[in-house]
Each structure stands twice: as C-alpha cells, then as structure tokens.
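Open the model in your viewer and keep the selection tool ready. The tour goes stop by stop, with what to select and what is there.

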Amino acid sequence: MAGSANLNVMMKTARKAGRALVKDFGEVENLQVSAKGPGDFVSRADRAAEATIREDLMHARPSYGFLGEEGKEIDGEDPTRRWIVDPLDGTTNFLHGLPHWAVSIALEHKGQIVAGVIYDPVKDEMFYAEKGGGAWMNESRLRVSGRHKMIESIFATGLPFAGRGELPETFQELARLLPVTSGVRRFGAAALDLAYVAAGRYDGFWERGLQPWDVAAGLIIVREAGGIVEPLVPGGDILTDGHVICANEPIFASFAKVIRNT
C-alpha cells in the first residue's frame, strides 16, 4: 500500500528503532536493567529506542505532540495532533530472551487514532493501517478471521502480574470463556495481540488496565482489518481507562457477552 507521508515516516522510524533493539536483544544478558515497579522492568534498550523514535518523529513533524512510555509528554504547537509511542511493547519478554515484542507508533488527530504501525523486528512483520486505507502486514492485506463459532475460536488476553488488581475479574472471565472456546493465549505483548486479531491469528482479544501506548496503534489496525473494537466497559474510553475488547464481527456479540457477563 502506498501510504501517506506520515505513515511512511512512522514505518521508517519503527524499522530504525527495531534494528537497534534486535542488536540489544542478541546481548540480552548484558542489558543494564533497572526496576520501574513490581513486575514491570525497563531497560537501557527501551529508553534508547524511545529517544530514537522521539528524535526522528519530532524532526519530521516538529509541531506534533509526543506521548511515550518512558519520557514526559511533549505538548506540540499543533494541539490536534500527537504521536503515541511504545518503543518496546513486551519488555518482560525482551528481557527474558523471548522473541515476542514490538515497536508501536500511532498518530492521533483530534482525539482519534488515524494511523498506526506495529513492527515485530524479530520476525520482520510490519503491521500498519491508516484511516480508510485498510490494514496491512508487509505487502499483504489484513482481514480479521471469518470464524462464526466460539468453540472454534481462540482468544488472547493479558494476565495480571505483581501489583495489578484485576486478578479476581480475570479468573472469573477465564472460567466463563475457556469452556466455550478452543483456548486462550497469553503472549505478553498487547500491541501484537491486537495485530494478531487483525491478521486473523486470534479471533478476539480483551484486557484491562492498559496504557494508551499499548493499544493506540492496534486499535486502528484491527478496525481497518474489519474487526470490532469497543471499550470493555460500555461507555468507557479505551485510551483513558485502558480496558478493551475486540473480535471479528460474527463472534463479537457472543464473546463480549461472555466477558462482560451480561
């Protein structure tokens, strides 16, 4: 797909950051790691990747704002546009040598995500979308799965770790969902979970307590691939409260009914 100038900047920047992260991933045992909170670690590679992304995006579009995981938010001269960036989604996987992590970059305009890029440099898979332009992985058009039956479908979620308070709710959701599906996966990278729904690898995904940079790019990629994305709590706001549910259209209602227990 021939994307806009903004999308091309996003993809080029994601690839550049991804190449640097792959080099650090090859020396994961030597990374300088510092604790950022219970069960949540940040590495030198993570901070360096965000600095690279911020520098390149702000150079290309100096008037845009910037919201990243590691640094302070930057207000742009253009208050209607900002980048939302996770330089390393799946940090814990990265630090444990698990090859499942990604760079995520989204562009927000007037409160709506209008472009998103999720790049998995280990597999060299670039997921991307622009509003009205469809969703893509490298040169292939993406579509959500066509499954119609819950029992034939697999879903993804995140499991609460140390310091997170959603464990009882998650147990209850799993207890309702597992008996009526082909299974649930927990791979530890929300951006890639969303990308995989767009690619039809998962049939649906839900999670609570995510940050804007975890989900922003994935939201538009799923929607442009034909999926339905909603706040997990009806009436909520995904980027504000971090609770999300998505699936292909045929099973969304059944899936949401099980998770929401309605």
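How are H4 and H8 oriented to each other: roughly parallel, roughly antiparallel, roughly perpendicular or oblique? They are oblique, the class for angles outside the other three: under 35 degrees is roughly parallel, over 145 roughly antiparallel and 65 to 115 roughly perpendicular.

Some ground rules before moving on. This is a predicted model, in which local features need pLDDT of at least 70 and side-chain atom pairs count only at pLDDT 80 or more, while totals for chains, interfaces and linings use all residues. Numbering starts from 1 along each chain as its sequence is written, and side-chain values use heavy atoms, with hydrogens and water left out. Helices (H or I, at least four residues) and strands (E, at least two) are DSSP runs, numbered from the N terminus.

**Stop 1: H4 against H8**

Select H4 (residues 167-177) and H8 (residues 249-260). The two pack at an angle of about 135 degrees, with axes 8 Å apart. Axes here are lines fitted to C-alpha atoms, for helices over the stretch in contact, and angles run from 0 to 180 degrees between N-to-C directions. H4 brings Glu173, Arg176 and Leu177 to the contact; H8 brings Phe255, Val258, Ile259 and Arg260. Contact means heavy atoms within 4.5 Å.

**Stop 2: arginine 260**

Stay in H8 and pick arginine 260. Its relative accessible area is 22%, so it is partly exposed. The cut-offs are under 20% for buried and over 50% for exposed, with partly exposed in between (1.4 Å probe, protein chains only). Beyond neighbours within four places in sequence, arginine 260 touches Arg176, Glu230, Pro231, Leu232, Pro234 and Ile245. Now draw a C-alpha to C-alpha distance from arginine 260 to alanine 49: it is 37 Å, across 211 residues of sequence.

**Stop 3: the five-stranded sheet**

Show the strands in the order E11-E10-E12-E14-E13. These 5 strands form an open sheet with mixed pairing. Two strands pair if DSSP finds at least two bridges between them. At the edges sit E11 (183-185) and E13 (228-231), each pairing on one side only. From one strand to the next, the twist averages 20 degrees.

Zoom in on E12 (residues 204-207) and E14 (residues 244-247): they pair in the antiparallel sense over 4 bridges. Glutamate 207 has valine 244 of E14 as its bridge partner. Next bring back H4, which packs on the sheet and touches E10 (154-157), E11 and E12. Its direction makes about 155 degrees with that of E12. H5 (residues 190-198) also packs on the sheet, touching E10, E12 and E14, and its direction makes about 155 degrees with that of E12.

**Stop 4: H5 beside H6**

Keep H5 and add H6 (residues 212-224). The angle is about 5 degrees and the axes are 8 Å apart. H5 is therefore roughly parallel to H6. From H5, select Ala190, Ala191, Leu194, Val197 and Ala198; from H6, Asp214, Val215, Gly218, Leu219, Ile221 and Val222. These residues make the contact.

**Stop 5: H1 and its cover**

Go to H1 (residues 5-25), where 21 residues at 1.5 Å each should span 30 Å; the end C-alpha atoms are 30 Å apart, which agrees. The expected span is 1.5 Å times one less than the number of residues. Among the buried residues of H1 are Leu7, Met10, Met11, Ala14 and Phe25. Their cover includes H2 (44-60), E4 (81-89), H3 (91-95), E5 (102-109), E6 (112-120) and E7 (125-130).

Isolate H1 with H2. They pack at about 160 degrees, axes 10 Å apart, and are therefore roughly antiparallel. The contact residues include Val9, Thr13 and Leu21 of H1 and Ala49, Ile53 and Leu57 of H2.

**Stop 6: E3**

Select E3 (residues 65-68). Gly65 and Leu67 on one side and Phe66 and Gly68 on the other are all buried, so both faces are covered. E3 pairs with E4 in the parallel sense over 4 bridges. Glycine 65 stands opposite arginine 82 in E4.

**Stop 7: two positive phi values**

Which residue in the loop between E5 and E6 should you click? Lysine 110. Its phi is positive, about 50 degrees, although it is not a glycine. Lysine 110 is exposed, at 62% relative accessible area.

Finish at asparagine 138, in the loop between E8 (135-137) and E9 (140-141). It too is not a glycine, yet has a positive phi of about 55 degrees. Asparagine 138 is partly exposed, at 25%.
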